[in-house]
Amino acid sequence: MEEEKFPIVLTAALPAGGTGKTPFIRVYGEWKARQGYKVAMLDFDHQCSLTELYDVFETDKTTLNIFKGGEVEYIPVEENLWLVPSHPNLQYEPARLRAEGTQNIYFLLEDWLYEHEEEIKQFDYLLIDTHPDTDTITKNALAVSSAQIGVVMPTEKSVNAIPKAEQALSDLKRETYDKRHHEARVTCEFLLIGTNIEKVGKNYTKLSKQLVHLMREDARFVGYIPHKELFAQAMSDEKIPIWEQVNNQLLLKEASNRAFKAVLESVMSNMDQRIEEL
């Protein structure tokens, strides 16, 4: 895809559930939107977690139509921020596409983006949330992305998913390599971000310490988001946007909240820089 014409596309993907992909898409999307960029979030997870975070219950014009045909709706959820909601039936698309012998099965999203070029070019960023797998829908997202963002929690399941995601991306690049023109069709890079890092007093918990050590050894990590109740509230039923919370002057009277804000802004800035370097 031509970078000068199309928005930057980022996909949060890791084949492990509950690692924080959806919160990352929301936080980073709101971060860029508040900087004045126009951001569209596409929910490709049939569990609809991102969709429900914004209290959207659209059943027509969802991301399902990208693969089945039909219109999608960009629902405004905040200034400069739009959401294309997901649909539970998205889970059946990989099997249907394979059963029908669909050609170029990993480039259906790319084709759709070109077919809707004019509306897509209105955005600066497309942020895609995915189901925790390496199946066809996720691969479509990776095929058009500048970077895959693996969000990693301090759990064995989450950490073990890193090499699985790495292998899946490598396989996708190999399977789609254009031998005729000797060029890669998929150029997505793999970046990582830690989340939910916990401390007891001044010391990391055992699992958090292990993940922090891994982050220091792996240059693909852009940083980590520490565990904080403010962050949890942004993703809970209260759904108070994290950037509203960290800019609340009353909350900022507490030193730990000021420290959390500084870390969060630093990680988001680091992500901005890494994306610019791609």
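**Exercise 1.** In this predicted model, determine how α1 and α12 are oriented to each other.

*Solution.* Helices α1 and α12 are roughly perpendicular to each other. The starting point is the packing angle of about 80° between α1 (residues 21-34) and α12 (residues 255-277), whose axes lie 11 Å apart. Angles of 65 to 115 degrees count as roughly perpendicular, which gives the stated result for α1 and α12.

Next, the residues. From α1, Phe24, Val27, Tyr28, Trp31 and Lys32 make contact with Leu264, Glu265, Met268, Ser269, Met271, Asp272 and Ile275 of α12. Sorted by class, the contact of α1 with α12 comprises eight nonpolar, one polar and three charged residues.

**Exercise 2.** Determine which parts of the chain the pair arginine 185 and glutamate 110 ties together.

*Solution.* Begin with the distance: the side chains of arginine 185 and glutamate 110 form a salt bridge at 3.3 Å, N to O. Then place the partners: arginine 185 is in the loop between α8 (156-175) and β7 (189-197), while glutamate 110 is in helix α5 (residues 108-115), so the pair links parts 75 residues apart in sequence. Last, check accessibility: arginine 185 is partly exposed at 34%, and glutamate 110 is buried at 12%.

**Exercise 3.** Describe the salt bridge of aspartate 171 with arginine 174.

*Solution.* The closest N and O atoms of aspartate 171 and arginine 174 are 3.3 Å apart. Both residues lie in helix α8, three residues apart, or about one turn of the helix. Aspartate 171 is partly exposed, with a relative accessible area of 22%, whereas arginine 174 is exposed at 54%.

Definitions and conventions: Residues numbered from 1 in each chain as written. Predicted model: local features only at pLDDT ≥ 70, side-chain atom pairs only at ≥ 80, totals over all residues. Heavy atoms only, no water. Axes fitted to C-alpha atoms, helices over the stretch in contact; angles between N-to-C directions. Helix = DSSP H or I, 4+ residues; strand = E, 2+ residues; numbered from the N terminus. Parallel < 35°, antiparallel > 145°, perpendicular 65-115°, else oblique. Contact = heavy atoms within 4.5 Å. Nonpolar A, V, L, I, M, F, W, Y, C, P; charged D, E, K, R; others polar. Salt bridge = Lys/Arg side-chain N within 4 Å of Asp/Glu carboxyl O. Buried < 20%, exposed > 50% of the residue type's maximum accessible area, 1.4 Å probe, protein only.
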